[in-house]
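Here are my notes on the model, point by point. Please read them with the structure open.

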Amino acid sequence: MASRPPNPLGPIVSTNAAQRPSHATRMVGRYVTLVGLTARHADGLFPHISGPENAHLWDYMYDDPFDDLAVFRANLEVKEASQDPTFYAVLLNSQVGEAEKEDDDKKNIVGMVSYLRIDPKHRSIEVGNIVYTPLLQRTAAATETMYLMARHAFEDLGYRRYEWKCNALNAPSRRAAPRLGFTFEGVFRKHLIVKGRNRDTAWYSMLDDEWPNVKQAFEAWLDPANFDSERKQKKRLDEFRQ
């Protein structure tokens, strides 16, 4: 009787678990500093994310738009206590020096981000719940925020898979993912029901063995030498990965 050929199996990998992200972590870059999000950040963030002119910021988020500061502060209290997701505030470095002389609620916060779907056993983690105010959108600081989150996940926490997911109708998010170095993996159809509407979810990932190339591209793009006197980029981020 002929022997049965062995089934193909994946490569053997370390079973050491990754670390969980900490709310106490401080990530410092050239343009921004990320700190644990607290309810005291509400006063600084609320003017930039509230009102009808900013309602579109929440179209693809799980939260509804905020029109009441007290409600928003209560929402941040929940986020502050959460371990998964773990939320961070985005502070412009030009503001941080002055802000540290004041209470946290006086800081000029320009966004918030989080790690979620945190799976230390399988070393997989997602970046999401990204809210960039108009002050942060389409700036080097916005890109550096994503660089700091990815670097911390791979180099400090030890994850091997870093995920990005978004509503399949969210065109800006779907453009951002490949620009930042994520690879498109497909669409989960009828994945979720959010605010009473269907959500198909587009999945993207970045892997630990891809990170060195992605990292050098981030660092080259973020270098001040890549920007002219009007702060316009000389080379696109994706050009540094070619």
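1. Fold order. Along the sequence, the pattern runs β-β-α-α-β-α-β-β-α-β-α-β-β-α. That comes to six helices and eight strands. Keep in mind that this is a predicted model.

2. Overall dimensions. The radius of gyration is 19 Å, and the globule rule gives 18 Å for 242 residues. The two values are close, so the protein is as compact as a globular protein of that length. The C-alpha trace spans about 80 × 45 × 35 Å along its principal axes.

3. Burial and contacts. Of the 242 residues, 46% count as buried. Take the contacts with a separation of 6 or more: 65% of them join residues 24 or more positions apart.

4. Main core. In soluble globular proteins, nonpolar side chains tend to be buried together. Here the largest nonpolar core has 45 residues. Tyr115, Met149, Tyr162, Trp164 and Phe182 touch the most other members. Helix H4 supplies the largest share of this core, with ten residues. A second, separate core has 19 residues, among them Leu37, Phe46, Leu91 and Val131.

5. Tyr162. What does Tyr162 touch, once neighbours within four places in sequence are set aside? Its aromatic contacts include Tyr115, Phe154, Phe182 and Tyr204. Met146, Met149 and Met206 are also in contact with Tyr162. So are Ile125, Val127, Ala150, Ala153 and Ser205.

6. Largest pocket. Its volume is about 1,800 Å³. The lining has 48 residues, and Tyr132, Gln137, Arg138, Ala142 and Ala176 lie nearest the centre. Elements giving two or more residues to this lining include helices H4 (140-156) and H5 (171-180). Strands E4 (109-119), E5 (124-132), E6 (161-167), E7 (183-194) and E8 (197-207) do too. E5 gives the largest share, seven residues. By class, the lining holds 26 nonpolar, twelve polar and ten charged residues.

7. Second largest pocket. This one has a volume of about 180 Å³. Its lining consists of Asp59, Tyr60, Met61, Asn167, Leu169, Val194, Lys195, Arg197, Asn198 and Arg199. E8 gives the most, with three residues. The classes are four nonpolar, two polar and four charged residues.

8. Phe66. Is this loop residue buried or exposed? Phe66 is placed between helix H1 (42-49) and helix H2 (69-81). Its relative accessible area is 8%, under the 20% cut-off, so Phe66 counts as buried. Beyond its neighbours within four places in sequence, Phe66 is in contact with Phe46, Ile49, Ser50, Gly51 and Trp58. Val71, Phe72 and Asn75 are also in contact with Phe66. Ala55 is eleven residues from Phe66 in sequence, and their C-alpha atoms are 7.9 Å apart.

9. Thr25. This residue sits in the segment before strand E1 (27-28). Its relative accessibility is 17%, so Thr25 counts as buried. Leaving out residues up to four places away in sequence, Thr25 touches Leu34, Val35, Gly36, Tyr88 and His152. Thr25 and His152 are 127 residues apart in sequence. In space, 9.6 Å separates their C-alpha atoms.

Key:
Residues are numbered from 1 along each chain as its sequence is written. This is a predicted model: local features need pLDDT of at least 70, side-chain atom pairs count only at pLDDT 80 or more; totals for chains, interfaces and linings use all residues. Side-chain values use heavy atoms; hydrogens and water are left out. Helices (H or I, at least four residues) and strands (E, at least two) are DSSP runs, numbered from the N terminus. Buried means under 20% relative accessible area, exposed over 50%, partly exposed in between (1.4 Å probe, protein chains only). Contact means heavy atoms within 4.5 Å. On a 1 Å grid over the protein atoms alone, a cavity is a set of points where a 1.4 Å probe fits but cannot get out, and a pocket is an open set with protein on both sides within 12 Å along at least five of seven lines; lining residues have an atom within 4 Å of a point. Grid points are joined across faces, edges and corners, and a volume is the space filled by probe spheres set on the points. Ala, Val, Leu, Ile, Met, Phe, Trp, Tyr, Cys and Pro count as nonpolar, Asp, Glu, Lys and Arg as charged, and the others, Gly among them, as polar. A nonpolar core is a set of buried Ala, Val, Leu, Ile, Met, Phe, Trp, Tyr and Cys residues joined through side-chain atoms within 4.5 Å. The radius of gyration is taken over C-alpha atoms; the globule rule is 2.2 Å times the number of residues to the power 0.38.
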